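Got the viewer open? Let's take a short walk through the structure and stop at a few places worth selecting.

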Amino acid sequence: MKRTDPLPTNLFPDALLKSLGITSPRDIDIEAIAFYVGLRIKRRCLKCCEAMITGRGNRGIISVVPGGMPQRERFSIAHELGHWAHHRGETVACRATDIGKFSKTNEVERAADQYAANLLMPWSMFKTECREHRRLDLKSLKAVAAVFNTSLTATLIRMVDSELYPTAMMIRHGTGGRKWHRAAEGVPGYWFPKADLDRESFAFELLHNPAAQDQGFPRKIGADAWFDNWAAPRHEITEQSFRVPGEGVVTILLLDPHMVG
Ligand SMILES: [Zn+2]
């Protein structure tokens with residue numbers, strides 16, 4: 001079908017959603033949005049990356065490796081759209097480790113991740129949904145992720161960033177130790193999690209015992225299980241861990257409000 005309508009010039013996520021009349025999370029059809037801005041999606045095997053974008057003029061092609069989790073694929077497409085909005089004219093190839101990690105060192109990849117989060121989980125809709133859940137735990141995380149059709153990791157990052165859960169922190173561990181963590185904005189930097197998991201922690205069990213199940217409910221634990229800080233033994237926090245296939249274990253911590261205030 002030949003397309004005759006002009007391509008949009010403002011590619012900011014809010015502007016795109018507005019011009020498409022999208023007001024509900026279930027209407028955020030990432031492939032339709034990509035088409036709207038002049039991009040086609042191709043699913044094909046890529047040698048050394050998970051997704052890439054190539055373009056000429058104002059048309060381009062996003063290639064993604066087929067067969068991944070649908071939520072992950074949506075984020076990858078939105079991430080490439082972010083490169084199109086921010087880094088037009090460049091051919092960008094992104095490895096799995098570049099996408100969705102909000103890199104602290106690679107500004108280009110971080111900008112594309114931020115764009116993807118803003119497009120798939122726009123703040124106004126996202127905060128409205130989060131306000132249905134007083135507490136950040138695995139149950140509310142799954143509920144919000146289902147509404148936005150986004151991965152648990154990407155959704156949790158957004159919930160931690162939302163300012164609605166001021167004591168929240170998330171930590172991801174692999175078999176080699178702590179990979180990264182992210183805390184709500186007001187959490188002081190001296191609450192920096194230990195590199196290695198406490199052997200008594202649920203997360204340790206999840207990481208090393210394939211038969212272990214995700215932690216059904218949050219549980220209280222001494223803050224010194226997670227932090228070396230001298231004041232840690234004085235505080236009690238809440239932990240809840242779950243497995244992310246292929247990535248390791250993610251833990252949601254809710255700190256004692258006195259640790260933040
Ligand atoms: Zn990228």
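First, a question to warm up: is His79 buried or exposed? Select His79 and look: its relative accessibility is 0%, so it counts as buried. Keep in mind as you go that this is a predicted model.

**Stop one: the zinc ion.** Now select the zinc ion and show what surrounds it. Its protein donors are His79 and His83, each through NE2, together with Cys94 through SG and Glu109 through OE. These donors lie 2.0 to 2.2 Å from the zinc ion. If you like patterns, the donor residues follow the spacing H-x3-H-x10-C-x14-E along the sequence. Next, colour helices H3 (residues 70–86) and H4 (residues 107–120): His79 sits in H3 and Glu109 in H4, so this pair ties together parts that are 30 residues apart in sequence.

Stay here a moment and check the geometry. The angles among the four donor atoms run from 87 to 134°, and the site is tetrahedral. For reference, the ideal angle for four tetrahedral donors is 109.5 degrees.

Before leaving, click on Glu109 as well: its relative accessible area is 6%, so Glu109 is buried.

**Stop two: Ser140.** Move on to helix H6 (residues 138–148) and pick out Ser140. Ser140 has a relative accessible area of 4%, so this residue is buried too.

What does Ser140 touch, leaving aside its neighbours within four places in sequence? Show His133, Arg135 and Met159, which are in contact with Ser140. Then zoom in on Arg135: its backbone oxygen lies 2.8 Å from a polar atom of the Ser140 side chain.

Conventions:
Residues numbered from 1 in each chain as written. Predicted model: local features only at pLDDT ≥ 70, side-chain atom pairs only at ≥ 80, totals over all residues. Heavy atoms only, no water. Donors = N, O, S within 2.8 Å, 3.2 Å for Na, K, Ca; no water. Tetrahedral: all angles 85-135°; square planar, octahedral: opposite > 155°, others 65-115°. Helix = DSSP H or I, 4+ residues; strand = E, 2+ residues; numbered from the N terminus. Buried < 20%, exposed > 50% of the residue type's maximum accessible area, 1.4 Å probe, protein only. Polar contact = N/O pair within 3.5 Å; in protein donor to acceptor, adjacent residues only side chain to side chain. Contact = heavy atoms within 4.5 Å.
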